[in-house]
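Please look over the sequence and the model below before reading on. The text is meant to be followed with the structure open.

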Amino acid sequence: MKILIVGSNGQLGTDCRGILAQEHEVCGLDIPAIDIGDERSVAACIAAEKPQVIVNCAAYTAVDACEDHVEECWRANALGPKHLAMAARERGCRLIHVSTDYVFDGQRQPPASYDEADPVKPLSQYGKSKLAGEQAVREICDNHVILRTAWLYSAFGKNFLKTMLHLALAAPEAERKVVNDQYGSLTWSYTLAQQIRKLLDSGLTGVFHATAEGHSTWYEGACFFLETMGVPHRLRPCATSEYPTKAHRPANSILENRRLHEANISAFVSWQEDIVTFVDMYRDHLLNEAKGLIAAP
Ligand SMILES: NC(=O)c1ccc[n+]([C@@H]2O[C@H](COP(=O)([O-])OP(=O)(O)OC[C@H]3O[C@@H](n4cnc5c(N)ncnc54)[C@H](OP(=O)(O)O)[C@@H]3O)[C@@H](O)[C@H]2O)c1
């Protein structure tokens with residue numbers, strides 16, 4: 001199968017390139033070679049590559065920056081998927097699109113979770129724009145899969161776990177407050193890429209929740225990661241109110257992967273198991289990268 005991965009230099013895009021290329025012919029494009037906010041750029045790239053499947057990993061993912069850069073955020077997260085869906089319909093391709101837990105308002109008391117049938121109510125520009133992207137994909141391209149994932153981390157690119165590592169190594173004596181009243185599931189993009197491979201084989205369509213099993217707070221996740229890395233830390237739990245951010249985030253975005261379980265095709269294990277494997281595979285890479293950042297002038 002010929003697969004076009006869009007946003008191929010990001011966290012998930014990089015892992016998708018590696019995993020999907022094991023069985024398929026893969027082409028990866030990222031900005032500026034493709035700009036999903038530009039209908040003509042999308043049409044030209046799809047016409048040139050002639051894929052049978054498009055995997056959209058591209059997005060404007062800086063959640064707080066979305067509040068200040070509303071136009072860019074909506075261009076990538078809402079218009080982009082619309083253009084990809086139009087091109088996919090035109091060519092008769094399958095479209096795998098990635099969305100977010102931030103389409104929910106998180107008002108449920110943890111550990112209650114959200115499944116695919118639950119009503120959405122995003123709180124932020126990021127969540128609203130991603131929901132608009134989902135709606136465009138659903139309306140325009142019948143042959144679609146929408147995967148809602150959460151709290152992604154990867155060996156490639158920037159993420160919360162890498163930030164925690166960098167801070168712990170840069171100033172081991174400094175106390176850091178980390179939010180301990182937002183609940184979700186830290187999800188490894190490598191496992192999500194494996195899930196995408198399984199979904200491709202299944203031929204299923206529609207919305208799927210796709211996160212690691214189990215849940216934690218940001219604080220619990222950061223402590224588990226640093227302790228698995230063997231890096232001393234002085235993290236302290238705090239409330240969201242003590243760490244104000246530009247964008248409102250759901251207090252509970254625990255997702256239940258109900259449809260993946262029903263179809264018996266889940267690739268996910270517990271978030272702790274994935275972090276242990278992640279650290280086994282990338283410990284030296286992560287340490288060297290963090291130390292390089294600290295040493296940089
Ligand atoms: N990261 C998370 O915690 C998280 C949580 C839930 C859901 N998700 C969703 O998961 C998917 C993958 O996230 P990720 O963390 O892998 O994202 P990422 O690392 O930020 O990668 C996104 C890629 O898309 C590119 N891009 C941005 N605007 C583009 C445009 N107009 N045209 C083409 N490419 C463009 C980015 O380029 P630049 O870097 O140059 O902008 C980047 O290479 C996204 O749909 C995201 O919304 C992520």
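The paragraphs below go through the sheet, two of its helices, the ligand shell and some backbone details.

The model is a predicted one. A good place to begin is the open sheet, in which six strands are arranged in the order 2-1-3-4-5-10 with parallel pairing. Strand 2 and strand 10 (206-209) form its edges, each pairing on one side only. From one strand to the next the twist averages 20°.

The pairings can be followed across the sheet. Strand 1 and strand 2 run parallel and are joined by five bridges. Strand 1 is also joined to strand 3, again in parallel, by four bridges. Ile-5 can be used to trace both pairings: its bridge partner in strand 2 is Gly-28, and its bridge partner in strand 3 is Val-55. Moving on, strand 3 pairs with strand 4 in the parallel sense, over four bridges. Here Ile-54 has Leu-95 of strand 4 as its bridge partner.

Strand 3 covers residues 53-56. Which way do its side chains point, and are they buried or exposed? Val-53 and Val-55 point one way, Ile-54 and Asn-56 point the other way, and all are buried.

At the start of strand 1 (residues 2-6) is Lys-2. Lys-2 has 13 C-beta neighbours inside 10 Å and therefore counts as partly exposed, since a residue must have 20 or more to be buried and 12 or fewer to be exposed. Apart from neighbours within four places in sequence, the contacts of Lys-2 are Glu-25, Lys-50, Pro-51 and Gln-52. As a measure of distance across the model, the C-alpha atoms of Lys-2 and Ala-171 are 47 Å apart, with their positions 169 residues apart in sequence.

The next element to consider is helix 2, residues 39-49, where Val-42, Cys-45 and Ile-46 are buried. Viewed down the helix axis, the buried residues of helix 2 fall within an arc of 95°, so they line one face. Exposed residues, namely Arg-40, Ala-47 and Ala-48, sit on the face turned away from that buried side. The cover over the buried residues of helix 2 includes strand 2 (25-29) and helix 4 (70-91).

Lys-50 comes just after helix 2, in the loop that leads to strand 3. The phi of Lys-50 is near 50°, a positive value in a residue other than glycine. Lys-50 counts as exposed because it has 11 C-beta neighbours inside 10 Å.

A second residue with a positive phi is Trp-151, where the angle is near 40° and the residue is again not a glycine. Trp-151 belongs to the loop between strand 5 and strand 6 (152-153). Is Trp-151 buried or exposed? Trp-151 is buried, because 23 other C-beta atoms lie within 10 Å.

Cis peptide bonds also deserve a look. The bond from Ile-31 to Pro-32 is cis, with omega near 10°, and Pro-32 lies in the loop between strand 2 and helix 2. Pro-110 and Pro-111 are likewise joined by a cis peptide bond, with omega about 10°. Pro-111 is part of the loop between strand 4 and helix 5.

Helix 5 itself, residues 125-140, lies across strand 4 and strand 5 (144-149), and runs at about 160° to strand 4.

The ligand can be taken next. Which residues come nearest to the ligand? Of the 29 residues around the ligand, they are Gly-7, Gly-10, Gln-11, Ala-58 and Ala-59. Helix 1 (11-20), helix 4 and strand 4 (94-100) are the elements that give two or more residues to this shell. The largest share, three residues, comes from helix 1. By class, the shell is made up of 13 nonpolar, 12 polar and four charged residues.

Further along the chain, Ala-239 is found in the loop between strand 12 (235-238) and helix 9 (258-262). Ala-239 is exposed, because there are 11 other C-beta atoms within 10 Å. Between Ala-239 and His-97, 142 residues apart along the chain, the C-alpha separation is 33 Å.

Conventions
Residues are numbered from 1 along each chain as its sequence is written. This is a predicted model: local features need pLDDT of at least 70, side-chain atom pairs count only at pLDDT 80 or more; totals for chains, interfaces and linings use all residues. The arc is that of the directions from the helix axis to the C-beta atoms. Two residues are in contact if their C-beta atoms, placed from the backbone, lie within 7 Å. A residue is near a molecule or strand if its C-beta atom, placed from the backbone, lies within 6 Å of it. Ala, Val, Leu, Ile, Met, Phe, Trp, Tyr, Cys and Pro count as nonpolar, Asp, Glu, Lys and Arg as charged, and the others, Gly among them, as polar. Two strands pair if DSSP finds at least two bridges between them. Axes are lines fitted to C-alpha atoms, for helices over the stretch in contact, and angles run from 0 to 180 degrees between N-to-C directions.
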